[in-house]
Every structure is written in structure tokens, then in C-alpha cells.
Amino acid sequence: PWPVSALPPQTRTGLALLHHEGSGSPCDVRLQLTREVLTIQKQDVVCVRGSSHGARVSALLSTWGPLPTPRLSDRLCLPAGSPGPAGDHSSGASSPLFDSGLHLNSNPSSTDPPSPSSPAADAPQYEKRWLDTLSVPLSMARISRCKAGTGKCRSGAFQVLAVDGVRTGVLQFHTARESADWLRAVSATISDLTLESMKMVNEGCSPCDQIVHMGWVRERLEGTSSRETFRSKFLALKGSLLYVFSTAPVSTLDWVRAEKTYNLCEVLFKLHKLWQADDGWLHEDCHPGPPGFAPQRPFSFSVLVGHGRSRVFSVDLGSELAAWERSFQRATFKEVRRSRSKTYTCSWQGEMLCFTVDFALGFTCSDSKTKNVLWRFKFSQLKGSSDDGNARVKLLFQHPDSKQIEVKELEFPDLTAVLHCVHAFLAAKVASVDPAFMDSQSFARKSASAER
């Protein structure tokens, strides 16, 4: 592991308690967050000096005793007449090796310090250190604050799940501030990596099929049980479609295997009710708390689709909710400007007609066979609408000269999709005239203003 003083740049470290689902008491861990990986470390005792190998050399000596030392002349193959060993002082001559300080026969009574190769110097020394036990790649990873299968959030805790199934276990922090800081840090890292993945995919896509945003959410599943259940989904706003995946798309082929797709002009993003607290914008079922407070329920939004159906999703951070709201607007406006018009089959006064919503012209109704235009109104002439909740809608148009209101009652096979399309084109038209208006109504702007 990296020593604290030698951590690589942009590395964040901190302590936490690690809980494993269904296991006993938690254990202390240290976290290291880099640009791509969240690493979990545990303390262990390691050998920092010497080795078990040196200890086994010591064992041999204690078992067999000291080895006999050969004569120096035998070791060096000295020629006849050469000076004798260093210990032979009768010759009156000294060996060059002796003069250089090399002693082959050590004196047991010597006070010289042991050499590095001696058993005393090679004795193992142990220390406690943080060692890597698990590395979780953060590309396309997801964070979960909720207990499995529920919408109830853990207090001051979350876990990280990699796209390959590796998970950290539940990480519990000492304070709410620490939990919120780590949650934001890990989430920001995942967002940065997701953005890099989007750029790589977009390089191989046409301008009209670019990814605007993608990421993990939780979907609330409606069932017979009174208890809410949630399931992880991966959403992507790409080209003209909203993609819903059960697993993250990691290859080109995965994009044709989506669980469901919806035309962006025919869905409606709806933010769940918020109210303003002193420290920002919160859901109605949340309560304000101290700095770093994390709401007990996730931030939620709905996607209203055709035939009156809706799908409810949630995320853990207000910044994620703001990103989804902003991205839905961008993706929808982009698709409206690209497509320029949408046409639907309808019936009016017993006749089959074509109802067209056109970005430049407004609303047009024409004969489905002859294509002759029967009537046309601008967006600014639409003064209201009402529907029976089934298939019929009344559109109220005002004539610019007479100021009279003319009612057009139409019937559609999928009225919800048509009304969402009308909303999308109207919003895009307003945004093209006054870009600041839509931004002023967004949750992102409100939350930013509250923070200031």
C-alpha cells in the first residue's frame, strides 16, 4: 500500500466501518479513492525487516553447529611459497586480504556489530500496516444508500457496486458530514468516468444519435405488497430515445438489447414535490438537518409514458436529480429541433385525419387521404385543453383578429403520447425564444440559489 506521505495525486483517504450483509460485527477499514478505483484496506501484521528465510539459516546453525573453516591457502589456491594464512604470524609476512580487513575466522569475544548477514541482523521485525483487500472499479458503478429491495435509506451509510458485480459491503461513517462528503466524492468520480464513457461512445455515433446523459437509478415497483420495492435500472438519453436497461450497456450490441425504449417527444419528466428549507430544497417526506444531512428517502422523479402509464425512479443526491432534470430538457429540446414535426392519426367529426405538431408552423390538421389542410393554428393561439382521461381532447384556439375561441375536439389512439408531444414542442418553442425561462423553473437553479 501507498504510505500516507506518498499517496498518488488526487487520492482521498478516510476511515469507516464495514458491514457485510448477514454477518456479525463490523470491522475497521480504510478507504482510498482515486480517479478510477475505490480501494478498501484492512490492518494486518507484516514483516518489514528480515525474512523467514534468514530465520531458517539460523535454524541450521543451531542444529548442526558452526561449519569448519577451510585453510585460506586452500580457498585461494595460493602457490607454493606464498604467505600463509592471516592467523600464521610466525612467517612475519601478512596477506593482502588480511590487510584489507577481510576476516574469515571471527572472534567470538569480538565487540564488533554483527554483519548484515548474521542471524541477529536478519531477525524478522513486524509492523501493523493497511493492506489492500478489495478494489472496486468505478466506471459504470452505482451507489446504493437504500436497504436491499426497499426505499428506506441507511443513516450515514452506503455501498458501492461495480458493473461486474463486485461490491464494497455497507460502509458506515462516524458522522453525517463524513457520510455526505464521501457519498458526493464517490458519486462525482463515477459521474466523471461515465462522462468519459459517453464521449467514447459518441465518437462512433452520428450527431443525431449522441448520448446526452446516462446513469444508474432505482425504480419503484408497484406490487400487491404494501411495502415498496425497488430495483436498479440504468437509464440513457440517446438520440431520439430514452433507454431503460437492467444492466449497464458496455458494448455496441448492448444498445439493441434494452429492456424498453421510449420516444423522448412522447414522455414527460415530472419532479416529485419539493419544499424549501433553510439549507436547500428537499422532498416533502424529508426533514431538514445539520450540514451534511442526507435525506432519509432518495430524491425521486417520474417519467410519464404512453397510455397514461408512469415509471417512478429515484437517486441518492440532489445533484443527480438536477442532472436528470436538466438532461431530459436538453435531450427533448434537441430531438424536437432535429425532428421538426410529429404526425399522429386522429378522428374529427367522424373523419380520419392527420394531426401534425410542427416546430415552425404550430398545429395542423389535414385529410389523411388528400393531404389537404383543414385548419391550422400557431402555438400562441392555443389557449387551453381538456381531456376525458381516455382518448378525447378538446383544444381551445383563439383567432387573432376576432378574439373568438374555437374548440377542436379530437380523438387519438394514444392521447397521452400526443399531449406529451404537444408539451415538448411548446416547451422547446418557449426555450428558443427565452432560454432563461426554462432554466429559472428548474430544480437545479432553485437548489443552486438556495445554496448561495
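These legends go with close-up views of a predicted model.

**View 1. The largest pocket and what lines it.** The largest pocket holds about 890 Å³ of space. Its lining takes in 47 residues, and the ones nearest the centre are Arg142, Ile143, Trp216, Val217 and Glu320. Quite a few elements chip in with two or more residues: strand S5 (142-144), strand S6 (157-161), helix H4 (176-203), strand S8 (211-221), strand S9 (229-238), strand S16 (310-315) and helix H5 (318-339). H4 gives the most, with 10 residues. As for chemistry, the lining splits into 21 nonpolar, 13 polar and 13 charged residues.

**View 2. The seven-stranded open sheet.** Follow the strands across and you get the order S11-S10-S9-S8-S16-S15-S12, with antiparallel pairing. Strand S11 (260-263) and strand S12 (268-271) sit at the edges with a single partner strand each, so one side of each has no neighbour in the sheet. From one strand to the next, the twist averages 35°. Helix H5 packs on this sheet and touches S8, S9, S10, S12, strand S15 (299-304) and S16. The direction of H5 makes about 120° with that of S8.

**View 3. Strand S10 between its two partners.** Strand S10 (residues 241-245) pairs with S11 in the antiparallel sense over four bridges. Two of the residue pairs here are easy to pick out: leucine 242 has tyrosine 262 of S11 as its bridge partner, and tyrosine 243 has threonine 261, also in S11. The pairing of S10 with S9 is antiparallel too, this time over five bridges. Here leucine 235 stands opposite valine 244 in S10. S10 is mostly covered, with four of its five residues buried.

**View 4. The hairpin of S9 and S10.** Zoom in on the turn and there are two residues between the strands. Glycine 239 takes a positive phi near 60° in this hairpin.

**View 5. Serine 327, tucked into helix H5.** Serine 327 is found in helix H5, the helix that packs on the sheet. How much of serine 327 is accessible? Its relative accessible area is 5%, so it counts as buried, the cut-off for that being under 20%. Leaving aside residues up to four places away in sequence, serine 327 touches Val212, His213 and Leu237.

**View 6. Arginine 340, in the loop after H5.** Arginine 340 is found in the loop between H5 and strand S17 (341-348). Most residues other than glycine have a negative phi. Arginine 340 goes the other way, with a positive phi of about 70° although it is not a glycine. At 38% relative accessibility, arginine 340 is partly exposed.

**View 7. Glutamine 349, between S17 and S18.** Glutamine 349 has its place in the loop between S17 and strand S18 (351-358). Which sign does the phi of glutamine 349 have? Phi is positive, near 55°, in a residue other than glycine. Is glutamine 349 buried or exposed? With a relative accessibility of 63%, glutamine 349 counts as exposed, since the cut-off for that is over 50%.

How values were computed:
Residues numbered from 1 in each chain as written. Predicted model: local features only at pLDDT ≥ 70, side-chain atom pairs only at ≥ 80, totals over all residues. Heavy atoms only, no water. 1 Å grid on protein atoms, 1.4 Å probe; cavity = no way out; pocket = protein on both sides within 12 Å on 5 of 7 lines; lining within 4 Å. Points joined across faces, edges and corners; volume = space filled by probe spheres on them. Nonpolar A, V, L, I, M, F, W, Y, C, P; charged D, E, K, R; others polar. Pairing = 2+ DSSP bridges. Axes fitted to C-alpha atoms, helices over the stretch in contact; angles between N-to-C directions. Contact = heavy atoms within 4.5 Å. Buried < 20%, exposed > 50% of the residue type's maximum accessible area, 1.4 Å probe, protein only.
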